[in-house]
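This report introduces selected features of one structure to a reader who has not met it before. The sequence and the model should be kept in view while reading.

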Amino acid sequence: MVGALDEGKITEYFKNKSVLITGSTGFLGKILVEKILRVQPDVKKIYLPVRAADAAAAKRRVETEVVGKELFGLLREKHGDGFESFIEEKIVPLAGDVMREGFGVDRETLKELRVVEELNVIVNGAATTNFYERYDVALDVNVAGVRHMCDFARRCPNLEVLLHVSTAYVAGEKQGLVQEKPFRHGETLKEGTHLDIDVEVRLAKDLKKQMQADGVDDPKAERKALKELGLSRARHFGWPNTYVFTKSMGEMMLGQMMQGGEVPVVIVRPSIITSVQNDPLPGWIEGTRTIDAILIGYAKQNLSCFLADLDLTMDVMPGDMVVNAMMAATVGHASTTPSASAKKMEPKHEEPLETPPSVYHVSSSLRHPAPYAVLYRTGIRYFEENPRVGADGRPVRTRKVRFLSTIASFHLFMVLKYRLPLELLHLLSILCCGLFGLAALYHDLARKYRFVMQLVDLYGPFSLFKGCFDDVNLNKLRLAMAEEGAARDGLFNFDPRTIDWDEYFYRVHIPGVMKYVLK
């Protein structure tokens, strides 16, 4: 249970602790690694399993994809010439694969490093976040990866807490107040259906076998079929895409495998994660987040319209605030008296007690909502004052985007704006044998049409999301911060009410996307 928390207690907790973090090459993973090292240089070890062929390759990957990033500039400055030796002392790259047992790390390596015996904290941030991932890959990473993590955790005699990073959008397309409740095993979002994870795994395997039996030897065809299978299964059970569907299954797997155990389990469900607001590098971001695809399309002037209701809430949280909440939740739930190894591994003959994971929505829609209109007006302002330069060296004129708030109005607009002109251009191009630049016009318009449709297909469910994420548990965590204002203004601030959304997007997030993503 969460007791009184303050900055001192959070930083002190990580002293002499051994922490294993999966997904460290991802956006949140890097922020977490940097934060722990910066606020508690006396952390014992941070183990980072990464996909690599051997130890040397794992070391190179961590050096280039994690600590070599600009995000670590403040830490590098703090340690000066001793930065490399500090990193080498604290960080232990492990060559492996989260889709395999024991994170795919060689047993001899684990034994030599005494990882199992000494580990105190596991943070599972590894995931495939591709909305339309191949079903087999999504199941391997987001579901089987959780199973292997739980197996590993149950072998660790000194493990004090296990934190799993999920997403608030496991709620699918629910409306109204979405509570911080764990999934029941087999629960779905569509009435009259029941989910069996083993059946889903078999479906993916059977499809691959069937295609092989049918003589289909085309990797593209296999990839397409498995992507379509994942999407159809997700929608069958009420989820909009493969990503949130398999993340939901991962939560169910975690709850089932860790129930009745002595190790506290925490699930953190962030909403849309945006660039670092403050600490350590304002604006820093990696990868294309949901709303950033819209910004980039707008910056490149590829986006003339989009499916979104500007009055709906855009639930976003800066990456540093998400990590602050993760660290506070870790310390708040950590057991300082870990059970003996034999007790954990001993088979239980009695029915295990129900001990569901503690769930935290790290979100802003309830406490400090920001409508999509904020993103639009700050985007217009930013690009008018900081116009992009085209290939010809001239400033690119900022054009306004038409937002359509219903699917029906969007499809009608796309027919009139793109489909009919495309059909006409195609016909004229054929009649004129491609003369007068008609073919080039056709391909340019077709490219813009595909871009908008792909963007809407991917992000439409989020831009029309009408739910509001309850954060009563997270607010209790804020209230547990004993120092006056510690959760609002201090080193571990995760209170969205401290953010001026217009200022954040205009001065921090949009410039960050332009600098770090749209290079």
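Is Arg114 buried, exposed or partly exposed? With a relative accessible area of 42%, Arg114 is partly exposed, because buried means under 20% and exposed means over 50%. The model discussed here is a predicted one.

**Backbone features in the loops**

Arg114 belongs to the loop between α6 (107-113) and α7 (115-118). Although Arg114 is not a glycine, its phi is positive, at about 55°. Asn16 is likewise a residue other than glycine with a positive phi, here about 60°. Asn16 is placed in the loop between α1 (7-13) and β1 (18-22), and its relative accessibility of 53% makes it count as exposed. A positive phi of about 60° is also taken by Gln301, just after α12.

The peptide bond that leads from Asp279 to Pro280 is cis, and its omega is near 10°. Pro280 is in the loop between β8 (272-274) and α12.

**An enclosed helix**

Why can helix α12 (residues 290-299) be called largely enclosed by the rest of the structure? Ten of its ten residues are buried, so the rest of the structure largely encloses this helix. The buried residues of α12 include Thr290, Asp292, Gly297 and Tyr298. Also among them are Ile291, Ala293, Ile294, Leu295, Ile296 and Ala299.

Ala299 has a distant partner in sequence: Val396 is 97 residues from Ala299 along the chain, while the two C-alpha atoms are 8.8 Å apart in space. Val396 sits in the loop between α15 (372-385) and β12 (402-404). With 27% relative accessibility, Val396 counts as partly exposed. If residues up to four places away in sequence are not counted, Val396 touches Gln301, Pro387, Arg388, Val389 and Gly390. Gln301, in this list of contacts, is the residue with the positive phi just after α12.

**A pair of packed helices**

Two packed helices are described by the angle between their axes and by the distance between those axes. For helix α8 (residues 135-153) and helix α9 (residues 197-213), the angle is about 145° and the axes are 10 Å apart. The crossing of α8 past α9 is left-handed. From α8, the residues Tyr135, Asp136, Leu139, Val143 and Arg147 take part in the contact. On the side of α9, they meet Ile197, Asp198, Glu200, Val201, Ala204 and Lys208. Sorted by class, this contact of α8 with α9 has six nonpolar, five charged and no polar residues.

Lys208 is also touched by Glu222, whose contacts, not counting residues up to four places away in sequence, are Arg134, Lys208 and Met211. Glu222 itself lies in helix α10 (residues 219-236). The side chains of Glu222 and Arg134 are joined by a polar contact of 3.3 Å.

**A buried lysine**

Lys35 is part of helix α2 (residues 27-39). Its relative accessible area is 2%, so Lys35 is buried. A polar atom of the Lys35 side chain lies 2.7 Å from the backbone oxygen of Leu491. Apart from neighbours within four places in sequence, Lys35 is in contact with Gln40, Asp279, Val323, Asn324, Met327, Leu491 and Phe492. Asp279 thus appears among the contacts of Lys35 and at the cis peptide bond to Pro280.

**Cysteines and a methionine**

How many disulfides does a search of the whole structure find? The search finds zero. Cys150 is in no disulfide, and the nearest cysteine sulfur, belonging to Cys156, is 11 Å away. Cys150 counts as buried, at 0% relative accessibility.

Met453 is located in helix α17 (residues 438-463). Leaving aside neighbours within four places in sequence, Met453 is in contact with Phe410, His411 and Met414. Met453 and Leu94 are 359 residues apart in sequence, and their C-alpha atoms are 41 Å apart in space.

**Accessibility of selected residues**

| Residue | Relative accessibility | Class |
|---|---|---|
| Cys150 | 0% | buried |
| Lys35 | 2% | buried |
| Met453 | 25% | partly exposed |
| Val396 | 27% | partly exposed |
| Arg114 | 42% | partly exposed |
| Asn16 | 53% | exposed |

How values were computed:
Residues numbered from 1 in each chain as written. Predicted model: local features only at pLDDT ≥ 70, side-chain atom pairs only at ≥ 80, totals over all residues. Heavy atoms only, no water. Axes fitted to C-alpha atoms, helices over the stretch in contact; angles between N-to-C directions. Helix = DSSP H or I, 4+ residues; strand = E, 2+ residues; numbered from the N terminus. Left-handed = near helix turned anticlockwise from the far one by under 90°. Contact = heavy atoms within 4.5 Å. Nonpolar A, V, L, I, M, F, W, Y, C, P; charged D, E, K, R; others polar. Buried < 20%, exposed > 50% of the residue type's maximum accessible area, 1.4 Å probe, protein only. Disulfide = S-S within 2.5 Å. Polar contact = N/O pair within 3.5 Å; in protein donor to acceptor, adjacent residues only side chain to side chain.
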